[in-house]
Amino acid sequence: MINLTINGKAIQAPEGATILETARANGIDIPTLCYDKAVEIYGACGLCVVEAEGIPKLLRSCSAKCSEGMVINTGSPRVVQSRKIAMELLMSAHDGDCVAPCQLNCPARTDCQGYVGLIANGEYDSAIKLIKNKIPLPASIGRVCPHPCEKACRRKNVEEPINIAQLKAFAADIDLNKESYLPDVMVRTGKKVA
């Protein structure tokens with residue numbers, strides 16, 4: 001066993017263990033985005049850096065091995081600043097897939113993925129409610145929209161884009177053939193659009 005100190009706490013670690021593994025085993029949190037025990041350690045995210053006394057550069061705790069007498073600090077101002085810079089760099093190249101490309105390309109910003117999934121599951125009432133959140137006349141819009149959402153659909157990378165506009169019209173047709181769902185409307189202000 002190797003003796004080391006992390007954040008002032010004396011710890012023992014098995015030989016060959018990484019700083020990250022040792023810290024986690026002792027209830028010390030070190031943030032990371034890329035570490036996974038199931039894959040080879042690469043240390044790409046740069047968030048798991050720590051400071052070790054006597055070593056001038058910061059160490060990536062996911063790949064740096066523990067050594068006898070090591071004194072580690074996981075939250076020094078230098079470490080925090082380095083993590084902040086690493087996160088900013090990661091986010092600067094972020095393509096924004098937090099919101100699907102189909103939704104980003106829809107002029108009404110409808111939740112395309114949401115209602116396509118609901119339709120696929122046979123939940124037509126929920127789908128039309130989601131569609132009518134943004135589109136008041138989905139039966140018409142589903143037929144005349146130039147569907148830029150489909151041009152951005154990631155499914156085209158596998159086979160062909162999903163026919164989003166037609167699915168919108170499909171759900172709207174079902175809604176028209178029964179008592180149509182009417183979303184809540186705001187209280188009248190006395191003003192007119194036209």
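User: What is the relative accessible area of Asp173?
Analyst: This is a predicted model, in which local features need pLDDT of at least 70 and side-chain atom pairs count only at pLDDT 80 or more, whereas totals for chains, interfaces and linings use all residues. Residues are numbered from 1 along each chain as its sequence is written, and side-chain values use heavy atoms, with hydrogens and water left out. A residue is buried under 20% relative accessible area, exposed over 50% and partly exposed in between (1.4 Å probe, protein chains only). Asp173 counts as partly exposed, its relative accessible area being 26%.

User: Which residue meets the side chain of Asp173 in a salt bridge?
Analyst: A salt bridge requires a side-chain nitrogen of Lys or Arg within 4 Å of a carboxyl oxygen of Asp or Glu. For Asp173, the N to O distance is 2.5 Å, and the partner is Arg143. The pair links distant parts of the chain, 30 residues apart, with Asp173 in helix α8 and its partner in helix α6 (residues 138–144). Helices here are DSSP runs of H or I with at least four residues, strands are runs of E with at least two, and both are numbered from the N terminus. The partner is partly exposed at 48% relative accessibility, and its name is Arg143.

User: How many salt bridges does a search of the whole structure find?
Analyst: One of them joins Lys178 to Asp125, with the closest N and O atoms 2.6 Å apart. Lys178 lies in the segment after α8 and Asp125 in helix α5, so this pair ties together parts that are 53 residues apart in sequence. Lys178 is partly exposed at 39%, as is Asp125 at 43%. For the whole structure, the number of salt bridges found is six.

User: Is Lys132 buried or exposed?
Analyst: Lys132 is placed in helix α5 (residues 124–132). Apart from residues up to four places away in sequence, Lys132 touches Pro138, Asp175, Ser180, Tyr181 and Pro183, where contact means heavy atoms within 4.5 Å. With a relative accessible area of 13%, Lys132 is buried.

User: How far apart in sequence are the parts tied together by Lys132 and Asp175?
Analyst: Lys132 and Asp175 form a salt bridge whose closest N and O atoms are 2.8 Å apart. Lys132 belongs to helix α5 and Asp175 to helix α8, so the separation of the two parts in sequence is 43 residues.

User: What angle separates the ring planes of Tyr124 and Phe170?
Analyst: Rings of Phe, Tyr and Trp (its six-membered ring) pair if their centres lie within 6.5 Å; planes under 30 degrees apart are stacked, over 60 edge-to-face and the rest tilted. The search of the whole structure finds one aromatic pair. That pair is Tyr124 with Phe170, edge-to-face and 5.5 Å centre to centre, with an angle between the planes of 80 degrees.

User: In what order do the five strands form the open sheet?
Analyst: Two strands pair if DSSP finds at least two bridges between them, and the pairing in this sheet is mixed. The edge strands, each pairing on one side only, are β2 (9–13) and β4 (59–60). Strand β3 (residues 49–52) has two bridges to β4, and these strands run antiparallel. The full order is β2-β1-β5-β3-β4.

User: Which residue is the bridge partner of Ala52 in β5?
Analyst: Two bridges join β3 to β5, and these strands run antiparallel. The partner of Ala52 in β5 is Ile72.

User: Which residue in the turn between β3 and β4 has a positive phi?
Analyst: β3 and β4 form a hairpin, with six residues between the strands. Across the hairpin, Val50 has Leu59 as its bridge partner, while Val49 stands opposite Arg60. The positive phi, of about 85 degrees, belongs to Gly54.

User: How many residues are in the largest nonpolar core?
Analyst: A nonpolar core is a set of buried Ala, Val, Leu, Ile, Met, Phe, Trp, Tyr and Cys residues joined through side-chain atoms within 4.5 Å. In the largest one, Leu4, Ile6, Ile19, Ile30, Leu59 and Ile72 touch the most other members. β1 (2–6), β2, α1 (19–25) and β3 each give two or more residues to this core. The number of residues in the largest core is 20.
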